[in-house]
Amino acid sequence: QVQLVESGGGLVQAGESLTLSCAASRSFFSRNIMGWYRQAPGKQRELVAHITSGGNSNYADSVKGRFTISRDNGKNLVYLQMNSLKPEDTAVYYCNGKQNLAPWGQGTQVTVSS
């Protein structure tokens, strides 16, 4: 069974940084473009960044220039470096495949205070 375990969230002030980590099952990780999603209260879950196994990445306009996604193919880990955080980045963050979805993990809460 595929497992996705996110970590690294927390409470920060606007302008600060956080790095999120996601550990994925090897078989799922190796076959998929991996993405970071977020869901704010009362809003739909949205894809904020994704990365291919070769390292090509893409970002939502709302985070472009501030967030960086990376992956460690040897350790089945995907990261999201978040800089210059804004209150509107407050959400639960999840990782998953971009084209193929596994059961969602528990996510990690990111709260940005103004």
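## Leu 47 and its surroundings in a predicted model

Setting aside neighbours within four places in sequence, Leu 47 is in contact with Gly 35, Trp 36, Tyr 37, Ala 60 and Lys 98. The model in which these contacts occur is a predicted one, and Leu 47 itself has its place in strand β5. Ala 60, one of the contacts of Leu 47, is 13 residues away along the chain, and the C-alpha atoms of Leu 47 and Ala 60 are separated by 7.2 Å. Is Leu 47 buried, partly exposed or exposed? With a relative accessible area of 29%, Leu 47 is partly exposed, because the partly exposed class lies between the limit of under 20% for buried and that of over 50% for exposed.

The protein chain as a whole contains one helix and ten strands, and, read along the sequence, these elements follow the pattern β-β-β-α-β-β-β-β-β-β-β. The radius of gyration of the protein chain is 13 Å, close to the 13 Å that the globule rule gives for 114 residues, so the chain is as compact as a globular protein of that length. Along its principal axes, the C-alpha trace spans about 40 × 25 × 20 Å. Buried residues make up 42% of the 114 residues, while the surface that the protein chain exposes comes to about 5900 Å², with carbon and sulfur atoms supplying 45% of it. Among the contacts with a separation of 6 or more, 54% are between residues 24 or more positions apart. The chain carries 11 positive and 7 negative side chains, and the centres of these two sets lie 8 Å apart.

Which residues touch the most other members of the largest nonpolar core? Of the 29 residues in this core, they are Trp 36, Val 78, Leu 80, Met 82 and Tyr 93. The elements that give two or more residues to the core are β3 (18-24), α1 (26-31), β4 (34-39), β5 (46-51), β7 (67-72), β8 (77-82), β9 (91-97) and β10 (108-113), and the largest share, four residues, comes from β3. Leu 80 illustrates how such a core residue is surrounded: apart from neighbours within four places in sequence, Leu 80 is in contact with Leu 18, Thr 19, Leu 20, Trp 36, Val 48, Ala 49, Phe 67, Thr 68, Ile 69 and Tyr 93.

Val 12 has its place in strand β2 (residues 10-13) and, at 9% relative accessibility, counts as buried. Leaving aside neighbours within four places in sequence, Val 12 is in contact with Ser 17, Leu 18, Leu 85, Thr 111, Val 112 and Ser 113. Val 12 and Val 112 are 100 residues apart along the chain, yet their C-alpha atoms are separated by 5.1 Å.

Two loop residues have a positive phi although neither is a glycine: Asn 76, with a phi of about 60°, and Ser 84, with a phi of about 50°. Asn 76 lies in the loop between β7 and β8, whereas Ser 84 lies in the loop between β8 and β9.

The table gathers the relative accessible areas of the residues described above.

| Residue | Relative accessible area | Class |
|---|---|---|
| Val 12 | 9% | buried |
| Leu 47 | 29% | partly exposed |
| Asn 76 | 12% | buried |
| Ser 84 | 41% | partly exposed |

Definitions and conventions
Residues are numbered from 1 along each chain as its sequence is written. This is a predicted model: local features need pLDDT of at least 70, side-chain atom pairs count only at pLDDT 80 or more; totals for chains, interfaces and linings use all residues. Side-chain values use heavy atoms; hydrogens and water are left out. A nonpolar core is a set of buried Ala, Val, Leu, Ile, Met, Phe, Trp, Tyr and Cys residues joined through side-chain atoms within 4.5 Å. Buried means under 20% relative accessible area, exposed over 50%, partly exposed in between (1.4 Å probe, protein chains only). Contact means heavy atoms within 4.5 Å. The radius of gyration is taken over C-alpha atoms; the globule rule is 2.2 Å times the number of residues to the power 0.38. Accessible areas come from the Shrake-Rupley method with a 1.4 Å probe; for residues, only the protein chains shown count as cover. Lys and Arg count as positive and Asp and Glu as negative; His and the chain ends are not counted. The place of a charge is taken as NZ of Lys, CZ of Arg, CG of Asp or CD of Glu.
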